[in-house]
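Work through the exercises below with the sequence and the model open. Try each task before reading its solution.

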Amino acid sequence: MTKHEIDCEKALQQIFQFIDHELDGGEREAMQRHLHTCKSCFSRAEFERRLKGKVGGLREKEEVPEVRSRISRLLKTF
Amino acid sequence: MAISREAFGEKVLALVGSLHGVACRLTGNDTDAEDLVAESVARAWKALDSLESDAAFRAWIFRILHNTFVSERRRANARPQCDPIGGENLDEAEPVFSIFEQMHQPFLLWFSNPEQEFLDRLLREDLERALATLPEHHRVVVILADLEEFNYREIADTLGVPLGTVRSRLARARGTLQKLLWEQAQARGLSGAAATGAAEGRTAGVPRAKSGKEA
């Protein structure tokens, strides 16, 4: 294994940083190479990515007009 | 940093939906959330000198929101809260829970995928309940990372913790969230036959592929 390759243990340690786009270029490439060759880690990454997407889907897209009005009025008092 | 009242107002109004959304999940109700946003905006205006740059505005105002929430809650409870860092250390020795590890069956990949089926069955209410049940220091990192899509540096700045703490806290928080989802699913019998079978197969050391093909 070269210093640019990672094993499953390392891949699992970095899995959240990977799905959060927080790995730097070299680390990200090493992770991607590992995921191309390891079906289990690939499935894990896909699972974590999908779950993150589902949690992100909880974000309320609609703004509450009453809150905006109240803050607009407040800003005018500054 | 010097910023005009108009520019401050524009920036605040651009974020008011996010501020209110996060406030709702911190306080658990709309009324308190609205008050929290208003109080935070007032504090932010008074603390404008502490804003270091334009780019830092989002993390800066969310930090004020979070600090305001923590201080208001302390005052309401009239007693010191447990130190979240201390709480974090207590569960540091526990492995991070993973639904994937509970369910994944490498021998089943060609005809079944229990962990993906688990995700398919997850309802918004399941996720809402699990998120609301998370301890606050876990809930806030999940909200910032996954709902508000903050990067780790912004989360660190918002919470006033080192980057490494964000990494470890987020991993712990996601593990706790998955444990809650898993327990909810088990309690309601919603983890599915595939999950039950996967667990049984693993426990007995029997590949489930055979029984699956027979079924």
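**Exercise 1. Find the pattern of secondary structure along chain B, then count its helices and strands.**

Solution. Read along the sequence: chain B runs α-α-α-α-α-α-α-α-α-α-α-α. The count is 12 helices and zero strands. Helices (H or I, at least four residues) and strands (E, at least two) are DSSP runs, numbered from the N terminus.

Two conventions apply throughout. Residues are numbered from 1 along each chain as its sequence is written, while chains are lettered from A and ligands numbered from 1 in the order in which they are written. This is a predicted model, in which local features need pLDDT of at least 70 and side-chain atom pairs count only at pLDDT 80 or more, whereas totals for chains, interfaces and linings use all residues.

**Exercise 2. State what share of chain B is buried, and what share of its contacts is long in sequence.**

Solution. Step one: burial. A residue is buried if 20 or more other C-beta atoms lie within 10 Å of its own, exposed if 12 or fewer, and partly exposed in between; C-beta atoms are placed from the backbone. Of the 215 residues of chain B, 35% count as buried.

Step two: contacts. Two residues are in contact if their C-beta atoms, placed from the backbone, lie within 7 Å. Take the contacts in chain B with a separation of 6 or more. Residues 24 or more positions apart make up 68% of them.

**Exercise 3. Give the domains of chain B and describe where they touch.**

Solution. Domain 1 covers 5-77 and domain 2 covers 99-214. These bounds come from an automatic or database domain assignment. Across the boundary, 11 residues of domain 1 of chain B are in contact with 10 residues of domain 2 of chain B. On the domain 1 side, helix 1 and helix 3 of chain B each supply at least two residues. Helix 3 of chain B gives the most, with five residues. By class, this side has five nonpolar, three polar and three charged residues. Ala, Val, Leu, Ile, Met, Phe, Trp, Tyr, Cys and Pro count as nonpolar, Asp, Glu, Lys and Arg as charged, and the others, Gly among them, as polar.

**Exercise 4. Work out how helix 3 (residues 57-77) of chain B packs on helix 9 (residues 152-159) of chain B.**

Solution. Start with the axes, which are lines fitted to C-alpha atoms, for helices over the stretch in contact; angles run from 0 to 180 degrees between N-to-C directions. The two axes come within 7 Å and cross at roughly 40°. Helix 3 of chain B and helix 9 of chain B are therefore oblique to each other. Angles under 35 degrees count as roughly parallel, over 145 as roughly antiparallel, 65 to 115 as roughly perpendicular and the rest as oblique.

Next, the hand. The crossing of helix 3 and helix 9 of chain B is right-handed. A crossing is left-handed if the near helix is turned anticlockwise from the far one by less than a right angle, and right-handed if clockwise.

Last, the residues. Helix 3 of chain B brings R58(B), A59(B), F62(B), R63(B) and H66(B). Helix 9 of chain B brings E154(B), D157(B), T158(B) and L159(B). Their classes are three nonpolar, two polar and four charged.

**Exercise 5. Describe the side of chain B that touches chain A.**

Solution. Count first: 35 residues of chain B are in contact with 28 residues of chain A. Helix 1 of chain B gives the most to the chain B side, with eight residues. By class, that side has 21 nonpolar, six polar and eight charged residues.

Now pick single residues. D146(B) is in helix 8 of chain B. It counts as buried because it has 25 C-beta neighbours inside 10 Å. Leaving aside neighbours within four places in sequence, D146(B) is in contact with K52(A), V55(A) and G56(A).

R70(A) sits in helix 5 (residues 65-76) of chain A. With 18 C-beta neighbours inside 10 Å, R70(A) is partly exposed. Not counting residues up to four places away in sequence, R70(A) touches E34(B) and A38(B).
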